[in-house]
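Me: I'm new to this structure and would love a close look at one part of it. Could you take the open sheet and walk me through it, then show me a few other spots worth a glance?

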Amino acid sequence: PSELWVTIATRFATGELRVDGLSIVPLESYRDISRWARARDAIRIDDMSRVQPATALSDVRKRSKWKAFDYETQEFVGKCIAALPNTHSPEVTLSFGQKGWHAVYVGLGGVGRFAFGQENCVRLKLTGDRAFVPRAYSAGHDDIDEVFFKCADLTGKDLHIAQCRFQGFADYRQAPIRRPCVVMYVKLVPLTDGEVAQAQRDRSQRDTKRLVATFDGFSWIHENYPTTEEEFLEYFEAFRHTDFGTWYWQISGADLVNYPSQIGTIPGEHVDDFPRKGDEYFTRSVQAFNAKEIDFTKLAVQAARDMDAKIHIAIRPAAWQAPPQFEDYFTSDFYRAHPEWRCYDRDGT
């Protein structure tokens, strides 16, 4: 039907949408690099020690440093950069020195046969992009996964590389959820005029933009602890140039809010002992943005408009009070001040 809409809760990493274990892969045709007419002309940058600043690199494992070391495949030798989950390595930049449109791929390496369950994940953006997007390794333990990043005009642009943050998620779930980062190489495929025109047509059309994305306004912040505008915008950047034409943005729930309010209550604003580390991250993140007079919801609206998407503000109506151990975290001043308006279940709850 011409008006069919589908609502999906999403997580973007390898370019897949995961729904209860089902993977829908909208970028499947891009995974095979041979789909491009000039695939044989691809430029592989296999010396990742070229990244800048050079002071961000080390030849041994060091905190706040990327380790650069040699590797060899059956086809070539190269030098990769790698960071462990708690390295906290700085953002680095790889200069392309290319002009015109290219398909950009990144070779992500395995994290070793003893790193059971750990996922290699990297954040990428080009010069001028609003925010980073994640890309993840999905192969075995000791091989290389060539992951599609994006098609773009690389004139005057560099590649910015950073570790995945996921601070709250790592603290809450603990290993093996933590994410190392191993970048083996970058590959650039020149696009033909026809391929560029097709990419631009696809981005500008509206006929297939019928998917609806829901954001609960809490969990991602709970896991990632954003404290800057750019970090917050990573929440949405992966939806650019996709078929998600409508967003539902939830402001926590009921009268629990993520902005300054004379009526609503910010979860956790009255406590200094939190049920989970991520709960503290959410509260501290909201407080940090409020101190800068930055409203989460306004940022979400701006992000949607920047991507030509519709956005609806939504509320989860059942989050005004939780039982122990969350009784002082998920609670509102309004709820506690008006017991006469509470409803009781048949069992007295």
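Here is a walk through that sheet, followed by a few other local features.

Reply: Happy to. Keep in mind from the start that this is a predicted model.

Let's begin with the sheet. Four strands make it up, and the sheet is open, with the order β8-β13-β10-β11. Their pairing is antiparallel. As a bit of background, strands of a sheet pair through backbone hydrogen bonds, and the sense can be parallel or antiparallel. Which strands sit at the edges here? Those are β8, covering 92–95, and β11, covering 133–136, and each of them pairs on one side only. If you ignore direction, neighbouring strands of this sheet are turned by 35° against each other on average.

Now zoom in on one pair. β10 takes in residues 121–126, and it pairs with β11 in the antiparallel sense over four bridges. To find your way around that pair, look for V122: across from it, in β11, stands R135.

Away from the sheet, have a look at the surface. There you'll find a nonpolar patch formed by I263, F334 and W341, and together they have about 380 Å² of accessible area. One of these, F334, belongs to helix α8, which spans residues 333–337. Is F334 buried or exposed? Its relative accessible area is 38%, so it counts as partly exposed, since that label covers values between 20% and 50%.

Next, the backbone has some spots to check. Q52 and P53 are joined by a cis peptide bond, with omega at about 0°. P53 sits in the loop between β4 (43–45) and β5 (57–58). Another cis peptide bond runs from P324 to Q325, and there omega is near 15°. Q325 is in the loop that lies between β17 (310–314) and α8, and α8 is the helix that holds F334 from the patch.

Finally, two residues other than glycine have a positive phi. For H241, phi is near 60°, and you can spot this residue in the loop between α5 (229–237) and β16 (244–250). H241 has 46% relative accessibility, so it counts as partly exposed. For D308, phi is also near 60°. This residue is in the loop between α7 (296–306) and β17. With 53% relative accessibility, D308 counts as exposed, because the cut-off for that word is over 50%.

How values were computed: Residues are numbered from 1 along each chain as its sequence is written. This is a predicted model: local features need pLDDT of at least 70, side-chain atom pairs count only at pLDDT 80 or more; totals for chains, interfaces and linings use all residues. Side-chain values use heavy atoms; hydrogens and water are left out. Two strands pair if DSSP finds at least two bridges between them. Axes are lines fitted to C-alpha atoms, for helices over the stretch in contact, and angles run from 0 to 180 degrees between N-to-C directions. Patches are made of residues with over 30% relative accessible area and no salt bridge: like charges are joined within 9 Å, nonpolar side chains (Val, Leu, Ile, Met, Phe, Trp, Tyr) within 5 Å. Accessible areas come from the Shrake-Rupley method with a 1.4 Å probe; for residues, only the protein chains shown count as cover. A salt bridge is a side-chain nitrogen of Lys or Arg within 4 Å of a carboxyl oxygen of Asp or Glu. Buried means under 20% relative accessible area, exposed over 50%, partly exposed in between (1.4 Å probe, protein chains only).
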